[in-house]
Amino acid sequence: MKKNITTAICALIAAIMLSACGLSEENKNLVNEALSNLTIEKESSEKLYGELTDESFSDELNELAAQYQEFSELDVSKIKNKKCEEILGNINALTDSYKALYDEMNAELSKEQAETAENEKHIEILSNIINKSGSELSSIILRDNSQGTDSENLLLGGQTLKSGTILAGAVLPVYIDSTDFALIITDTLGNTHEYALPLTGLQKDVQIKISVTINTPEAGVSIGDYASVPDSES
């Protein structure tokens with residue numbers, strides 16, 4: 001009986017001494033692994049932030065980085081076993097915060113990438129517009145029937161385009177996923193006609209230059225080579 005009591009007391013003393021001493025090898029490995037995981041999440045989050053144009057995550061990243069700095073300066077050899085669980089909990093909580101922020105930023109990155117891809121579908125076609133309609137024109141508008149949108153008047157500032165003259169360097173704003181375009185032509189007498197404009201083979205990152213000849217409403221428009229038209233304005 002005395003032997004059992006002595007053994008129990010010795011075990012208790014050993015446990016007290018162990019908790020008062022540095023970390024056990026097992027706890028040391030747990031802390032180092034937790035710190036390693038924390039560092040991975042921090043670096044992943046900061047790398048992802050660098051890919052964003054949205055800077056609204058900056059303050060939160062700085063706050064997390066300040067907390068991380070405290071753990072990076074942690075001397076594992078001085079941690080007591082009785083404090084191990086608390087420290088691990090704090091490290092893991094910060095790791096979870098980084099993971100949550102990463103998910104938010106990743107969602108924002110996906111949104112930005114989708115917007116960029118969509119914006120790249122809006123291109124500009126450089127054109128020379130030749131008026132052979134027999135009328136003096138006061139308005140030339142590009143209509144995207146697929147999108148239901150109109151451009152601004154290509155004849156700026158009250159300019160007109162007499163028959164037989166050229167509007168050089170006109171920019172046609174085009175959405176490449178659209179398939180149905182038209183020119184809405186208005187002459188100085190107020191007559192308006194819609195001309196089907198056959199634009200095909202539209203691609204992003206490809207510079208397109210064309211000439212557009214506006215004939216009579218019955219003859220429609222014809223598209224040719226931009227370089228074949230004299231570089232002169234009306």
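Which residue in β8 does Thr-213 stand opposite? Thr-213 faces Ser-222, and that pair is a good place to start a walk through this model. The model is predicted, so local features need pLDDT of at least 70 and side-chain atom pairs count only at pLDDT 80 or more, while totals for chains, interfaces and linings use all residues. Residues are numbered from 1 along each chain as its sequence is written, and side-chain values use heavy atoms, with hydrogens and water left out.

Let us stay with the strands for a moment. Helices (H or I, at least four residues) and strands (E, at least two) are DSSP runs, numbered from the N terminus. Two strands pair if DSSP finds at least two bridges between them. Strands β7 and β8 run antiparallel and are joined by five bridges. They belong to an open sheet of four strands in the order β4-β1-β7-β8, with mixed pairing. At its edges stand β4 (166-175) and β8 (221-225); each has a single partner strand, so one side of each lacks a neighbour in the sheet. On average, neighbouring strands here are turned by 35 degrees against each other, direction ignored; the axes behind such angles are lines fitted to C-alpha atoms, for helices over the stretch in contact, and angles run from 0 to 180 degrees between N-to-C directions.

Next comes a hairpin. Strand β5 (residues 181-187) runs antiparallel to β6, and six bridges join the two. Ala-182 has Ala-196 as its bridge partner in β6. Four residues lie between the strands of this hairpin, where Gly-190 takes a positive phi near 95 degrees.

Following the chain past β6 brings us to the loop between β6 (192-197) and β7 (209-214), which holds Asp-205. Most residues other than glycine have a negative phi. Asp-205 has a positive phi of about 60 degrees although it is not a glycine. Its relative accessibility is 73%, so Asp-205 counts as exposed (buried means under 20% relative accessible area, exposed over 50%, partly exposed in between, with a 1.4 Å probe and protein chains only).

The loop that carries Asp-205 also holds Lys-204, which leads us to the salt bridges. A salt bridge is a side-chain nitrogen of Lys or Arg within 4 Å of a carboxyl oxygen of Asp or Glu, and the structure holds six of them. In one, the side chains of Glu-120 and Lys-204 meet at 3.0 Å, N to O. This pair links distant parts of the chain, 84 residues apart, with Glu-120 in the loop between α4 and β1 (122-131). Glu-120 is partly exposed at 34%, and Lys-204 is partly exposed at 36%.

Which residues are linked with Arg-143 in a network of salt bridges? They are Asp-150 and Glu-194. Arg-143 meets Asp-150 at 2.8 Å and Glu-194 at 3.8 Å, N to O in each case. Because Arg-143 lies in strand β2 (residues 137-144) and Glu-194 in strand β6, the latter pair ties together parts that are 51 residues apart in sequence.

Finally, turn to the helices. The axes of α2 (residues 25-49) and α4 (residues 81-119) come within 9 Å and cross at roughly 20 degrees. The two helices are therefore roughly parallel to each other (angles under 35 degrees count as roughly parallel, over 145 as roughly antiparallel, 65 to 115 as roughly perpendicular and the rest as oblique).
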